[in-house]
Amino acid sequence: MRTSQPQTIFLKDYRVPTFLVDHVDLRFELFEEGARVHSVLSLRRNPDSGDSQGALELDGDSLKLESVALDGSDLAPGKYDHRGETLVIPGVPDAFELTVVTWIEPQNNTRLEGLYKSSGMFCTQCEAEGFRCITYFPDRPDVMARFRTRIEADRNAYPVLLSNGNDVDRGDLDDGRHFVTWEDPFPKPCYLFALVAGDLVEKRDSFTTVSGRDIDLRMYVEPRNAEKCDYALDALKRSMRWDEEVYGREYDLDIFMIVAVDDFNMGAMENKGLNIFNSSCVLASQDTATDLAFQRIEAIVAHEYFHNWSGNRVTCRDWFQLSLKEGFTVFRDSQFSSDMGSPTVKRIEDVTLLRTAQFAEDGGPMAHPVRPASYMEISNFYTLTIYEKGAEVVRMIHTLLGAELFRKGSDLYFQRHDGQAVTTDDFVTAMEDASGRDLSQFRLWYEQAGTPVLNVSDQYDEASKTYRLTIEQRIPDTPGQQGKKPQHIPFALGLLDSSGQDMPLELAGGGGEITTEKVLELTGASQTFEFNGVAERPVPSLLRHFSAPVRVVYPWTREQLMFLMSHDSDGFNRWDAGQRLAVDVIGSLVGADEQAVIEPRLAQAYRQLLCDESLDQALVAKMMQLPSEAYLIELTDSPDVQTIHRARERVLTHLATELREDLLEVYRRHSAEGAYGLSPTEVAGRSLRNTALAWLLHINDSQARDLAQAQFADADNMTDRLGALRALVNSGFVQEREQALDAFYQQFSGDPQVVEQWFSVQASSPTTGDLEQIRQLMTHPAFEWKNPNKVRSVIGAFAGANLASFHAADGSGYRFLAEQVCRLDDSNPQIAARLVSPLTRWRKFAPAYGEQMQKALEQIRDKKGLSRDVYEVVHKSLAP
Ligand SMILES: [Zn+2]
């Protein structure tokens with residue numbers, strides 16, 4: 001392991017590469033006891049570097065160097081230095097061919113970076129810096145080369161041999177071995193390199209592009225998963241068509257391949273022409289995947305496919321620019337999901353994640369701008385800020401420019417930078433050049449961390465019929481950044497009259513045409529907007545569609561929130577008003593005694609939602625979800641987790657009791673009929689009936705118990721089966737719960753993705769997930785330390801979704817997590833570093849919690865030989 005103190009890398013230190021690689025010729029000899037990698041690099045000095053003397057420096061990690069040759073002559077060991085994590089060769093000519101042979105041991109690679117083995121197959125993960133674990137190379141995204149890859153392996157054990165590009169040669173070798181050669185005509189950075197070798201079945205499909213080219217689509221999976229490929233292949237075709245229609249982007253190679261792998265640190269990887277997926281993010285059938293899983297698969301397949309242009313054809317200059325490809329591509333995949341389903345529901349889902357988890361990150365010790373200025377370990381920067389806030393930033397550009405000019409901007413960006421490695425600044429410049437808009441102040445979104453807070457106040461003048469809205473923006477200090485400048489914020493709003501209708505908006509001083517919704521542009525620390533001709537005092541509907549990733553503070557009354565819940569023409573704000581009302585009611589009960597009265601209007605509001613069949617049921621299904629504990633904690637200063645948990649439980653009990661008859665009626669109304677389908681209405685129906693069941697079992701209703709048991713037994717799909725199981729698990733019916741858990745495991749024990757859900761249901765429930773039970777789950781035969789999905793489904797679910805148990809008053813949950821992080825750090829530092837996250841915000845919590853969280857962090861800090869990944873997170877969290 002690394003022993004030296006980790007170094008910080010700064011954006012300001014960026015220098016162009018000293019050497020460029022024009023061509024890479026790779027030959028992999030794969031064996032059970034290891035792999036030999038022959039690499040031939042065509043190198044030349046970079047004319048832009050200004051360095052005509054410097055030594056050649058290549059990155060390498062955990063490699064056994066066997067030989068080095070320059071222009072065909074072997075180099076004696078004294079002619080190069082390969083201590084540490086580099087291979088340095090001084091005195092090289094301006095252009096030459098370098099041959100390097102290394103030996104690696106994929107079968108012992110538990111970090112799952114570089115080349116490793118998963119369920120008997122060889123596979124790779126090279127982003128961000130995994131390629132250096134395969135061979136010595138200038139491992140940075142601005143070195144783009146053409147790759148030719150020959151793979152040699154045993155024909156019986158590894159009949160399928162895949163890499164990027166097109167398959168150009170294949171044949172037999174001695175000793176029952178064979179080879180396949182792949183050639184990728186597009187220059188690419190090495191993080192997009194991929195290799196797969198295994199005994200896999202192939203599912204084929206095809207796609208005809210807009211210009212009439214036939215693309216061969218192939219999906220490779222283990223034989224037991226052969227029936228779970230159709231959905232992903234269909235989603236792929238939808239994505240290909242959509243990217244042609246909406247962005248004018250056509251696929252470029254003759255083949256597009258998807259491979260499913262069980263052991264994978266991330267969700268999926270966009271390697272050129274050969275996307276590798278975590279099995280849980282691509283395999284699906286009605287019997288094994290929930291509606292949510294289907295939606296996630298569609299979104300991830302699209303995301304990785306869209307990277308072919310936003311990421312692969314135009315890539316990042318350095319890793320500080322990670323959001324260039326991720327923010328833009330998340331924005332693209334969320335547009336796609338909106339177009340495929342319900343835009344309002346998609347927006348609600350995105351914002352829920354952003355407000356719960358990204359706002360927390362932005363307010364914690366790991367807060368960083370969308371374009372960070374420094375890092376120790378880049379793997380720690382695959383964050384919600386880079387992805388989700390990065391996507392919000394692109395979305396704001398879309399809002400400011402409008403769809404048409406945005407498309408002009410993206411066309412210009414792709415055309416201007418095709419085949420290049422560029423920066424977020426280049427992206428914004430393309431948008432400016434195409435639209436004529438000045439986005440110089442807007443660029444602060446990339447540079448300043450922290451979630452802006454908008455304080456909104458208003459005034460209505462009856463006599464002059466004017467309405468004045470004053471908006472003050474403040475951006476909190478974050479580690480290393482104080483005294484921030486105001487940002488350029490698009491702020492969409494509407495004003496409702498007393499009948500609930502949108503009023504015409506006429507800005508004083510001539511603010512363009514009169515419409516019922518406007519996007520105000522905030523640029524100053526405080527701004528006042530005046531509306532004329534406002535006939536009566538309006539109820540403001542602020543930040544419609546969540547037009548910017550900010551917090552809005554405005555003193556709505558409960559009356560006004562209920563009014564917005566039932567009248568706002570913006571579906572997102574309807575939902576948000578419901579959330580605000582519930583947050584307010586739950587908040588008023590935190591720490592209150594058991595006799596405190598629960599606001600009766602909350603149940604009334606929910607009843608109205610449940611009974612009105614004319615409403616969009618997909619929106620109703622979302623509105624019936626109470627704010628999560630994690631979100632309530634995020635909104636609270638110095639939160640006391642146990643009191644928040646109890647207050648939320650009390651409200652749930654109250655609502656379920658008050659609405660019992662209505663919930664039973666909703667359950668009956670949405671009972672499963674006909675064939676299973678994935679339309680927004682069908683998904684909403686299942687969501688509503690399962691919410692009804694969950695609420696009723698929360699109060700241990702025996703009629704609901706019978707319904708849940710019947711649903712569990714008869715369900716023809718995983719959404720209903722798991723919904724019933726979850727409801728039983730969260731109820732007080734101990735025997736029924738145990739029976740259902742056993743039956744579920746018996747039925748699905750052969751399917752790792754379903755077993756992960758079985759683990760997760762238990763680990764995230766207070767009834768089955770106390771610390772003792774979590775330790776039990778970890779001794780279950782299906783639990784595997786080396787499989788990140790299993791770790792996430794037990795330890796991750798416990799610390800991230802079972803907050804009452806994780807934040808146990810005696811600190812046992814924190815100590816447990818610290819123990820697991822230390823254990824995992826030796827084998828898989830990336831996953832270990834991610835697990836630390838629930839401890840990082842110890843300063844936010846009430847001292848009784850915070851002090852014990854701090855101790856757990858110190859417990860991790862004191863471990864010997866801590867990885868760079870965990871070191872960075874722990875030290876930043878503990879920094880004064
Ligand atoms: Zn991505």
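There are 80 salt bridges in this structure, which is a predicted model. Beyond those, expect a zinc ion held by two histidines and a glutamate, plus a nonpolar core of 291 residues, the largest one here.

**Salt bridges**

- Arg148 pairs up with Glu183, and their closest N and O atoms sit 2.4 Å apart. That pair links distant parts of the chain, since Arg148 is in strand β11 (residues 145–154) and Glu183 is in strand β14 (residues 177–188), 35 residues apart.
- Both ends of that bridge are partly exposed: Arg148 has 28% relative accessibility, and Glu183 has a relative accessible area of 30%.
- Arg558 and Asp584 also meet through their side chains, at 2.7 Å from N to O. Arg558 belongs to helix α9 (residues 558–567) and Asp584 to helix α10 (residues 571–589), so this bridge ties together parts that are 26 residues apart in sequence. Asp584 counts as partly exposed, at 36% relative accessibility.
- Helix α10 has a bridge of its own, with Asp576 and Arg580 placed four residues apart, or about one helical turn. Their closest N and O atoms are 3.3 Å apart.
- The two partners in that helix differ in setting: Asp576 is buried, with a relative accessible area of 7%, whereas Arg580 is partly exposed at 26%.
- Elsewhere, shared partners join Arg27, Glu29, Arg36, Glu66, Arg150 and Glu152 into one salt-bridge network.

**Zinc site**

- His303 and His307 each offer NE2 to the zinc ion, while Glu326 supplies two OE donors; the donors lie 2.0 to 2.7 Å from the metal.
- Along the chain, the donors follow the spacing H-x3-H-x18-E. His303 is in helix α2 (residues 291–306) and Glu326 is in helix α3 (residues 322–340), so to speak a link between distant parts of the chain, 23 residues apart.
- What do the angles say about the arrangement of the four donor atoms? They run from 54 to 151°, which makes the arrangement irregular, because a tetrahedral one would need all angles between 85 and 135 degrees.
- Two of the zinc-binding residues are buried, falling under the 20% cut-off: His303 has 7% relative accessibility, and Glu326 has 2%.

**Nonpolar core**

- Within the 291-residue core, the residues with the most contacts are Leu30, Phe427, Phe491 and Phe531.
- Leaving aside neighbours within four places in sequence, Phe531 touches Lys465, Thr466, Tyr467, Leu469, Leu493, Leu505, Glu506, Leu507 and Leu520.
- As a general background point, nonpolar side chains tend to be buried together in soluble globular proteins.

Terms used
Residues are numbered from 1 along each chain as its sequence is written. This is a predicted model: local features need pLDDT of at least 70, side-chain atom pairs count only at pLDDT 80 or more; totals for chains, interfaces and linings use all residues. Side-chain values use heavy atoms; hydrogens and water are left out. A nonpolar core is a set of buried Ala, Val, Leu, Ile, Met, Phe, Trp, Tyr and Cys residues joined through side-chain atoms within 4.5 Å. Buried means under 20% relative accessible area, exposed over 50%, partly exposed in between (1.4 Å probe, protein chains only). Contact means heavy atoms within 4.5 Å. Donors are N, O and S atoms within 2.8 Å of the metal (3.2 Å for Na, K and Ca); water is not among the atoms, so sites may look incomplete. Four donors count as tetrahedral if all angles lie between 85 and 135 degrees; four count as square planar and six as octahedral if opposite donors are over 155 degrees apart and all others between 65 and 115; anything else is irregular. Helices (H or I, at least four residues) and strands (E, at least two) are DSSP runs, numbered from the N terminus. A salt bridge is a side-chain nitrogen of Lys or Arg within 4 Å of a carboxyl oxygen of Asp or Glu.
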